[in-house]
Amino acid sequence: AQTIYLRDYTPFGWTVESVHLTFVLAPEATRVRSRLRFVPDPKAPAQEFFLQGEDLTPISFAIDGAPVTPEITPEGLRAKVPDGPFTFEAEVEIAPLHNTALEGLYMSRGMYCTQCEAEGFRKITFYPDRPDVMSVFTVRIEGGEPVKLSNGNPVGAGEGWAEWHDPWPKPAYLFALVAGDLVAQSDSFTTRSGREVALNLWVREGDLHKCAFGMEALKSSMDWDERVYGREYDLDVFNIVAVDDFNMGAMENKGLNIFNSSAVLASPETATDANFERIEGIIAHEYFHNWTGNRITCRDWFQLCLKEGLTVFRDAQFTSDMRSAEVKRIVDVIDLRARQFAEDQGPLAHPVRPESFQEINNFYTATVYEKGAEVIGMLKLLVGDDAYSRALDLYFARHDGQACTIEDWLRVFEEVTARDLSQFKLWYAQAGTPRLAVAEDWQDGTYTLTLRQTTPPTPGQPDKAPLVIPVALGLLSPDGHEVLPTTVLELTEAEQSFVFPGLAARPVPSLLRGFSAPVVLERESSREERVFLLAHDTDTFTRWEANRDLARACLLAMVTDGADPDAAWLDGLETVLRDASLDPAYRALMLGVPTQSDLAQALHDRGVTPDPEAIWAATERLRDARATRWAELLPQLADEARVEAPYRPDAAQSGRRSLGSAVLALTTRVDGGSAAEAQYDRADNMTLQLSALACLVQAGRGAEALARFRAQWQDDRLVMDKWFGLQIAASDPTETVAVTEALTRDPDFDWTNPNRFRAVFGALAGHHAGFHRADGAGYDLLADWLIRLDDKNPQTTARMCAAYQSWRRYDPDRQAKMRAALDRIAAKPGLSRDVTEMVTRLIA
Ligand code: HT7
Ligand code: ZN
């Protein structure tokens, strides 16, 4: 397969003045006619005329009305074209019914839909399928489906046809078409300049009762983007469509967002609090792309973080404003460490702006998205809120309608602040998670903090330069008062000291407040100091972090030395849990323990080979100990967590329920499941029903409840995904593989549906001890199914290969078994480009 390099970027050679498309829909033989007006680009060097096109049956071609016969290759077409402007026409045939890759135009349960990012448009017609070619699209759809949608505004409709015009130039990856038997939940939004926008959420008839929350989230997002970023919506209509078969969460097509049904449909009975929060965040994310991605897009796919990092950053700001900023930050850091740090520490590590790829779909990663957002957070911290907002205003004003680069992005900050950001730019180029070692000195009232940064080697990058790292610091006096409020230190050297004179007593540092940079802090602080911070830190993040460090240290000692749970830590934690002035959601987070995968990495970092069974056993032992120790506290917390009011998925209620779920999980360890059974029986919402079911399954009392659950939800695909996933996630590690295998034989295991496949195999891969069973059965089962799925859906298969990314941290036996599974995948005849690239990187 061909490797594409950032350094090889060249412009296309023509601009596309207009695009006219006509679709005559038929499941096995859709005709696509295109009329494209090309004008030579005076700024670009002369090029051979090449349009991408894949899996298209050519029917006819013409240039300026005269039939032509271009050279057709598996990648596209080559033609001799006039020197000046010309009109290129093509007619091709495609078969959406047989498109199981879910890229291009495909069918999902009888409904036509598209997914064009990143390079799916070339599966619809011949086109310069690259983000820097932006054009104005007019689309005519013909067919028997009652609802026919495309981008932009509707400009005409009649019996069996509809026409759409999108006045905003856009790259082909933002093209969308939907046709089907759909109904809409409709509403409207008036923008601050008075434009009335019709809002529609299109779904199958039976899903109409699951639309209200999504619609409210959309209106909140539109309002927030006006208030906070001054960004207004720019079309007469905004359509969202829910689709059952979808490779990712959602897609920001201009004026026609397409959503995985799991990312938009929710009712209290069928969706959990976590589902509601995710939906709110994804709706906001896709909506915010209208400015950060659509109006200003990427020059090439190497710049993906330009739109994704910024839009994740914006959606996190939105969620922080809508809910609790403190809780959102902690949840995001947990997620960053679980997914992005893991990526950075393994063979798939790559920079936020990668320099090469074979298949761009493999780079929609936690690094590009989440680390990309962290980089923006650091930039904002360094320049300040006011400069950030002025830089953003300049970015929108200067680059509206353009396809941009990270250089364009950084330049607006440089101009607004007169700051040289060349060192900061390394965050985009250098892969790996920096490590910060901390040394302290205390003499004559002066406290000196010395920070030393190193970034470990990553594939293709053996040596790293020092980065600009904003380190937010607070200092506490020994009696628990803050003697230095949060101050941002700028670490720019490999090693640098910061001096704080005039202190009455040696202070306790509260370091990396708010997780001010995506780094690993290496500081061997004492247990006493951590317990002190758990009790006194004024920063909610570092207070939570002290607890997490204590939990990790305790679990590591339990794994390696068979130690007992740390009583001093548990006493400190108990005080926090009893503090009713603290948000229940925050206390629920305090009850969390590091994941078993986290512990495996921590052991590996300390030169100890992780043993998944021992990690599992220690975690269980700690949970049992906490349950017994807090037997009298748990009912009190359960009372505090109870919600008497009618269900609302807001921060206040869902925070209480998350505390309630954590408490129920512990209670089940002492009451054998009685409280869970009672909760299951009276649950009137999915959050309570599902958390009770998980406890019952874990307690070995799940059979009856699982059968009742299935009977109740048999016809709801999204709820049945939960039924599949939960049984695996809550299984004993000795049974995980057998449970998974049995579920793959279930008549409802529709493995071609990405949500169902992920529900099952995502749960297997996420069950640390179950997946890493010593005999390798977990690795083999996943490999069998990845090999099978690759023929149908390479994109989802490739993403799930990441389950093996940490294979080198285990013992030689497990390594050999994972390597064998990867080799078996690699040897599959006709393996897709997507999976070939992933497996090659994994075993390199
Ligand atoms: N920009 C989108 C990324 C995307 C995608 C979405 C659905 C299916 C396939 C996809 N490939 C790339 C989603 C987003 O980040 O908003
Ligand atoms: Zn996005």
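According to UniProt, in an unreviewed entry, the feature "domain: Peptidase M1 alanyl aminopeptidase C-terminal" occupies residues 528-843. In the structure, which is a predicted model, this span is 72% helix and 0% strand, and the C-alpha atoms at its two ends are separated by 43 Å. A second feature placed by UniProt, again in an unreviewed entry, is "domain: Aminopeptidase N-like N-terminal", which is assigned to residues 99-174. Over residues 99-174 the chain is 0% helix and 50% strand, with the end C-alpha atoms lying 19 Å apart.

Confidence in the prediction can be stated for the protein chain and for the complex. The protein chain has an average pLDDT of 98, and 100% of the residues score at least 70. For the complex, the predictor reports an ipTM of 0.98 together with a pTM of 0.99.

The domain assignment divides the protein chain into domain 1, covering residues 1-181, and domain 2, covering residues 720-844. A distance of 35 Å separates the C-alpha centres of domain 1 and domain 2. Contact between the two involves 5 residues of domain 1 and 8 residues of domain 2. On the side of domain 1 that touches domain 2, the residues divide by class into 3 nonpolar, 1 polar and 1 charged.

Strand pairing is illustrated by an open sheet of 3 strands, arranged in the order β4-β8-β7 with antiparallel pairing. In this sheet, β4 (49-52) and β7 (71-72) are the edge strands, and each has a single partner strand, so that one side of each is left without a neighbour in the sheet. Strand β8, which comprises residues 76-79, is joined to β7 by 2 bridges, and the two strands run antiparallel. Within this pairing, I72 has L77 of β8 as its bridge partner.

The surroundings of ligand 1 comprise 13 residues, of which Q115, E117, N247, M248 and M251 come nearest. Among the elements of secondary structure, β20 (250-251) and α2 (273-288) each contribute at least two residues to the shell around ligand 1. Considered by class, the shell consists of 5 nonpolar, 4 polar and 4 charged residues.

How values were computed: Residues numbered from 1 in each chain as written. Chains lettered and ligands numbered in written order. Predicted model: local features only at pLDDT ≥ 70, side-chain atom pairs only at ≥ 80, totals over all residues. UniProt positions renumbered as here; feature names shortened; annotations may be inferred. Helix = DSSP H or I, 4+ residues; strand = E, 2+ residues; numbered from the N terminus. Domains from an automatic or database assignment. Contact = placed C-beta atoms within 7 Å. Nonpolar A, V, L, I, M, F, W, Y, C, P; charged D, E, K, R; others polar. Near = placed C-beta within 6 Å. pLDDT = per-residue confidence, 0-100. Pairing = 2+ DSSP bridges.
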